[in-house]
Amino acid sequence: MQAANILISSLKRFPWQLALRQWLTIDAPVLIYMAKVIIAALLALWIAMTLNMPDPRTAIFTVFIVMHPQSGLVFSKSYYRILGTIAGVGISLVITGMFSQDPVWFIAFFALWIGLTTAAGFKYRNFQFYGFVLAGYTLCIVSLPVIETPLDVFDIAVSRFSEVLIGIMCATLVSDIVFPRRLLDSLIASEQERFRNVLSTLSDPQSVFGTFDDTNPAVSRFSSGVVGLNAVRVNSSFESGSDRKERHYYGHLNHEYMNLSTTYHSLKSIIAAIKEGEKSEVICALERLYDPIASVLKTLPDTLLHPEDLDTVIRKLSEVKKTLEEHFEFDKERLREVMYVEWEDEFTSAGYLIGRLLHELHHHCATYLSLLNHRLSGNSSFELSRTVRFSTHTDNVLVALAALRGIGVLLVTMLFWILTAWPYATLTITMAVVIGLLLGTLPSPLDGVKDFFKGGVVALIIAAVYDFYLIPAYTSDLLTLGILLSPTLALIGWMTTRPKLAIFTFGFVFMFMTQCSLDPYYKIEPTKFLESSLAALIGIVFGGLAYVLVNFWSCSLTQQRVSKILRTQIVRLCNGVLNVERSALESTGRDLVQQFSTQGRLNMRSSRLVFEWLLSTLEIGRSILAIRRSLKRLYARYYPESIDIALESIKEYFEAPSSSGREQLLGTLQESLQVLRVTQMPSEKAQFKRVQSVIVELALIRTVLLNSQTFPVVTEDSCH
Amino acid sequence: MPLDITLFGIQMPTLLPIFVMSAVVQILLDRVMSDAGIYHYVWHPGLFRTAVFVCLFSIPCLLIYR
């Protein structure tokens, strides 16, 4: 014990203490990861060669495909790789068994399978996408090489599956045992940062009432990371010691954050509109309303959050909640005396949003507190009542486009194969299909293909050095082969830690592993090497061409699609089922926008526009649901006819938007609001609340519609 | 127990179904142990998990090869 203390104190006096700490946090993990990659890859190679597998390179290749610094990602990707391989190998047996003698049917079913897997893959997120796509191209890998000798398909299927399994087991074993890094830990860190970000943004009234400005990172960050953090949460479920309850908390926090962020941005845009109308009295009243919230949040320390501090804040927030409504009514009366222009809708909406923000903040803090308690002591007083699901939405046009691209690439390369009758053209097909399917989700697939090509060419040069010089000259057994391979394996490991080199590395690994002589016995010939390299490079070019040709996706088309999808969503909420949860609305919308902003080539300005549309849709959609729910429980004698007309005209407007329709809708909404405000309010408390909520929600819809200049009627083209 | 068995007309080593079965048992056991919070008291959860799997897989294997 004493020795340890002496060591620590001498370390503190160590002149390069800071440098050492930095080295430990930044460089050491990379070195450890490189060592892990080498161990896993050589282990896979050793097992595959000892078991006399026909193609040990598949095992070592699998290690590189699934290896990630965090073990959660390794498990998750391995799981889907196994499922994808099983499906792909199974279908290969079926298709080769049935149609290997009939080219037309063989190609037709081949294309159908590729189309199906691509379409299904695009409907899913994260590594599920990878699993489906892998199932598609495994068919190429298994059935094309044996098309002349179909009876061999069973052997190649079994060996492919075993090799993949060996690779996966080595990768998962090493990443979970040797210095494991847990995904859940990074999730905790990002959640902490996000929570602190929320509190610091909301504690400053200027970030709510100030003008919108892109330079304030806190404001623009207050919406990001929802989809990404959800992916991390899903992937962490495979880790050892992963706590289901804790992941449950993260799911809730993510949804609450989405709600908070929507409320915050809506409030901000309404306040901006009020400011534009130069109604300073209204702004002052709103600031008075918001001040107590900001002053409560300011009491929190900037450093690490303790449960006790958070507990105090939560108690204070509930006190503010109690008085907020009185303040609101008081200010409303006072404004009535001084204002002569139209203000009531805006003030009601903004006041309601402040109330909602407070409510959601209170809830968010409570969930976070119980997560802290759960982590510290393993128990929490707060029980989560239900599970929240992260729903996704994929545009069918995107899916169809991807499937079309996959089938097109396959058919064109098949044609190339038939016309040239080149035995190595099967490699071209495989490569083109892999490129055509896997890189489809990148923001800019064509640049990805270029990187892949560069990686491939570099790998070919290194593989040639290995094949024709190093391996024949210096290897005599597995040990020497392993020693010779280690530097390249380490290089690949280092490259995978650089996000900029991701696709380059992928191309490098793919080419190196297919061309390097990692067979049980040495059998490389220069002609075979050159021909197969050429075939693979031609395949990459074919895959790249697919992205050039099947690419009529542009910024303005994306805007039209998004606008249409969002409009349909509102129409569906007007007459569809009532049991749609807000969390489903929010997550679907965010997933959709995320997908379109990576795939739909939006520039910065149009991305912001699309986000504004999403906010309007979420607000209007949520309000429509709230109105319909209130109406359902309202007694017939308080049921105003005008609301039905208003809802109906909202629906009509979003079915076929036009500028004249907008004016008409705004008029209808105002009329029904006036009718509601002058009619006698019910005396019964529950009924009174329902009528009041209908008024507030209608006012909110009207304010949102008044503010959104570009949705749903797209008036300006922000793409240029 | 025989070293090879025939499932659905396919002859395979008995190790394969044993492996699949022990993987299923391991997944269930892992879920139970993580819910019970046993991993909080273990020094190296990954190593522990692997060791449990090795036990689950090797006990029936030893019975076959005895």
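Begin by selecting Glu648(A), which counts as partly exposed because its relative accessibility is 38%, and keep in mind throughout the tour that the model on your screen is predicted. Now add Lys651(A), which at 16% relative accessibility counts as buried, because buried means under 20%. The side chains of Glu648(A) and Lys651(A) meet in a salt bridge, with N and O 3.9 Å apart. Both residues lie in helix α25 (residues 641-655) of chain A, three residues apart, which is about one turn of the helix. An α-helix has 3.6 residues a turn, so residues three or four places apart point the same way.

**A network of charged side chains**

Next, select Arg356(A), Glu360(A), Glu619(A), Arg622(A) and Glu697(A) together, since salt bridges that share partners join these residues into one network. Start with Glu360(A) and Arg356(A), whose side chains meet in a salt bridge of 3.6 Å, N to O, and which both lie in helix α15 of chain A, four residues apart. Glu360(A) is buried, with a relative accessible area of 7%, and Arg356(A) is buried too, with a value of 8%.

Which other residue forms a salt bridge with Arg356(A)? Turn to Glu619(A), where the closest N and O atoms of the pair are 2.7 Å apart. Arg356(A) lies in helix α15 and Glu619(A) in helix α24 of chain A, so the pair ties together parts that are 263 residues apart in sequence. Glu619(A) is itself buried, with a relative accessible area of 2%.

Stay in helix α24 (residues 604-632) of chain A and select Arg622(A), which at 11% relative accessibility counts as buried. Its side chain makes a polar contact of 3.1 Å with the side chain of Glu697(A). If you leave out residues up to four places away in sequence, the residues that Arg622(A) touches include Tyr352(A), Arg356(A), Arg582(A) and Leu700(A).

**Where two domains meet**

Now colour chain A by its domain assignment, which gives domain 1 (2-181 + 395-549), domain 2 (183-377) and domain 3 (555-707). The centres of domain 2 and domain 3 of chain A, taken over C-alpha atoms, are separated by 22 Å. Where these two domains touch, 27 residues of domain 2 are in contact with 24 residues of domain 3, and the area buried between them is about 2100 Å², of which carbon and sulfur atoms give 53%. The count between domain 2 and domain 3 of chain A is ten residue pairs in polar contact, both residues of each pair being at pLDDT 80 or more. Helix α12(A) gives the most to the side of domain 2 that touches domain 3, with eleven residues.

**Inside the nonpolar core**

Select Leu286(A) and Leu361(A), the residues with the most contacts inside the largest nonpolar core, which has 105 residues. The largest share of this core, 13 residues, comes from helix α15 (residues 344-377) of chain A, and the core draws at least three residues from each of domain 2 and domain 3 of chain A. Leaving aside neighbours within four places in sequence, Leu361(A) is in contact with residues including Val198(A), Leu202(A), Ile293(A) and Leu317(A).

For a charged residue that is also buried, move to Glu191(A) in helix α8 (residues 183-203) of chain A, where the relative accessible area is 3%. Apart from neighbours within four places in sequence, Glu191(A) is in contact with Leu229(A), Tyr250(A), Leu253(A) and Tyr368(A).

**An enclosed helix**

Then select helix α3 (residues 56-66) of chain A and look at what surrounds it. Eleven of its eleven residues are buried, so helix α3 is largely enclosed by the rest of the structure. Among the elements that cover the buried residues of α3(A) are α2 (17-50), α4 (71-99) and α19 (478-496) of chain A.

**The contact between the chains**

Finally, show chain A and chain B together, which bury about 1000 Å² between them, 58% of it on carbon and sulfur atoms. The contact takes 14 residues from chain A and 13 residues from chain B. The count between the two chains is one salt bridge, and to find it you can select Asp176(A) and Arg49(B), whose side chains meet at 3.5 Å, N to O. Helix α7 (residues 153-177) of chain A gives the most to the side of chain A that touches chain B, with five residues.

Notes. Residues numbered from 1 in each chain as written. Chains lettered and ligands numbered in written order. Predicted model: local features only at pLDDT ≥ 70, side-chain atom pairs only at ≥ 80, totals over all residues. Heavy atoms only, no water. Core = buried A, V, L, I, M, F, W, Y, C linked by side-chain atoms within 4.5 Å. Buried < 20%, exposed > 50% of the residue type's maximum accessible area, 1.4 Å probe, protein only. Helix = DSSP H or I, 4+ residues; strand = E, 2+ residues; numbered from the N terminus. Domains from an automatic or database assignment. Contact = heavy atoms within 4.5 Å. Buried area = accessible area lost by both parts, 1.4 Å probe. Salt bridge = Lys/Arg side-chain N within 4 Å of Asp/Glu carboxyl O. Polar contact = N/O pair within 3.5 Å; in protein donor to acceptor, adjacent residues only side chain to side chain.
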